[in-house]
Amino acid sequence: MTGTGQRAPRTGRSWISRWDPEDEAFWNDGGRRVARRNLWASIASEHIGFSVWSIWSVLVLFMTPEHGFSTTPEQKFLLLSVVTLVGAVLRVPYTLAVPIFGGRNWTVVATLALIVPTVAAFFLVRDPDTPFWLLLVLAATAGVGGGNFSSSMANINSYFPEREKGWALGLNAGGGNIGVATVQLVGLAVIALFTTSSGYLVPLFYAPLILLSAWWAYRSMNNLVHVRADAAAQLSATRDRHFWIMSLLYVGTFGSFIGTGFAFGLLLQAQFGLEPVQAAGIAVLGPVLGSLIRPVGGRLADSLGGARVTLWVFTAMAVCSAVLVLAVQASQLGLFIGAFAVMFVLTGLGNGSTYKMIPSIYAARAEDAIAAGEPREQALARTKRVASSMLGLIGAVGALGGVGINVGFRESFAATGSTAPAFVAFGAFYLLCAGVTWAVYLRRPARSASADEPLPVTAR
């Protein structure tokens, strides 16, 4: 029995009626074990989801005139933008699905749904005569992989105590994010082993992995009974200004990661004329760095404060954008690759630090409510439910940044034949995000727009 009379959950149960990770006795008496078991299965599902979501970032490299494709670089950037957009939009219903269906149940369903875009990709890459409009529509189904992130993060957030959220959410997100790199490695292996005429093997590779991941989720995950569906209450939190501020910051960090992760190989091919095998071999570097470093960003935020780490990240990203402008204008491939590698590291750190800020803000709100007289258990349950929803909804808004990145590249390339103007715009946006982070979460006195609403200092 735990210190509050709660019994630790049994491993074999699919539904858990009581869950209190903030209770040390409960956490040590089986809670940690169950939370980590759910975390590993969640990472596997989210990893496959990200791989399927970003699969077209690899497949466009196979779509060359030598294999009968007539798609232009502008059309390829548009295709990537549409896939990113669908993934971003689906994050909203995916977030709300967890409390309705249960984390375990929804993970199984969402994972099995990935079969649809893999089958579509298999046939599309084999048929270069597919009309572009139909290619757009069918490729867009890969967006279901992007939705997995929000449901996974909202679910895992409920399992861990506040002191471990940065690390747990960082692992969950980083394990998913690295799927962007994994699919590029698969594409590179296919090119190396079977030449660029065998792009259809990339989606074929993922079919058995999808089934395996769904089975793992079914066998290992749980549903939390106390995570109730309250869509109206959860969506009402979007009226909070911190929701929109954190969404803006996440557009800058995650939007940059997913947008450049999708576009990096295509940029190397279109801007510098690299062959598919060369572009794929280099492009895998960036997402690997950004994904592996994300948990470090969460850990740094746990110890130094999320806002401080985020401010440093955005300042460095603005400098990196200026270097990328110089690299493009001087046609310096080595400098371009090096600056892009640094940019991916920075986006990974920023992804971890911004996501740590979100539950911290709502934890501070809970403490304020408790101090005002609200029962502790009720305040913690309410704010944790809202924070989990916000993690998913902010993830949805942030993913729209990936759409902006690819649209920016498309318009810049179409207008000037160069991506330099796009990097100038991105750099200006990062400076804006740095300014907002400092003004809202670090500047003293720490007061919000409302005179009676102090800022959540734990976000620092």
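What is the volume of the second largest pocket? The second largest pocket encloses about 230 Å³. Of its 16 lining residues, those closest to its centre are Met63, Thr64, Pro65, Lys76 and Gln269. Helix H3 (73-101) and helix H12 (241-272) are the elements that give two or more residues to this lining, and the largest share, three residues, comes from H12. By class, the lining of this pocket divides into eight nonpolar, five polar and three charged residues.

The structure is a predicted model, in which local features need pLDDT of at least 70 and side-chain atom pairs count only at pLDDT 80 or more, whereas totals for chains, interfaces and linings use all residues. Residues are numbered from 1 along each chain as its sequence is written, and side-chain values use heavy atoms, with hydrogens and water left out. Pockets and cavities were located on a 1 Å grid over the protein atoms alone: a cavity is a set of points where a 1.4 Å probe fits but cannot get out, a pocket is an open set with protein on both sides within 12 Å along at least five of seven lines, and lining residues have an atom within 4 Å of a point. Grid points are joined across faces, edges and corners, and a volume is the space filled by probe spheres set on the points. Helices are DSSP runs (H or I, at least four residues), numbered from the N terminus. Ala, Val, Leu, Ile, Met, Phe, Trp, Tyr, Cys and Pro count as nonpolar, Asp, Glu, Lys and Arg as charged, and the others, Gly among them, as polar.

Five cavities of 30 Å³ or more were found in the whole structure. The largest cavity holds about 80 Å³ of space, and its lining includes Ser42, Glu46, Trp106, Asn148 and Asn155. Helix H1 (24-53), helix H4 (103-112) and helix H7 (144-157) each supply at least two of the lining residues. The lining of the largest cavity comprises three nonpolar, eight polar and one charged residues.

His47 is also located in H1. With a relative accessible area of 16%, His47 is buried (under 20% relative accessible area, against over 50% for exposed and in between for partly exposed; 1.4 Å probe, protein chains only). Apart from neighbours within four places in sequence, His47 is in contact (heavy atoms within 4.5 Å) with Gly175, Gly176, Ile178, Gly179 and Thr182.

Helix H10 (residues 201-220) has 20 residues and reaches 30 Å from its first C-alpha to its last, close to the 28 Å expected, the expected span being 1.5 Å times one less than the number of residues. Among the buried residues of H10 are Val202, Tyr206, Ile210 and Ala217. The buried residues of H10 pack against H1, helix H2 (55-62), H4, helix H5 (115-126) and helix H9 (179-194). For the 39 residues of helix H16 (residues 333-371), the end C-alpha atoms are 57 Å apart, in agreement with the expected 57 Å.

Positive phi values occur on either side of H16. Ser331, in the loop between helix H15 (306-329) and H16, has a positive phi of about 55 degrees although it is not a glycine; at 54% relative accessibility, Ser331 is exposed. Just after H16, Gly373 takes a positive phi of about 115 degrees.

The count of disulfides (pairs of cysteine sulfur atoms within 2.5 Å) is zero. The sulfur of Cys433 lies 15 Å from the closest cysteine sulfur, in Cys320, and is therefore too far for a bond. Cys320 is buried at 6% relative accessibility, and Cys433 is buried at 0%.
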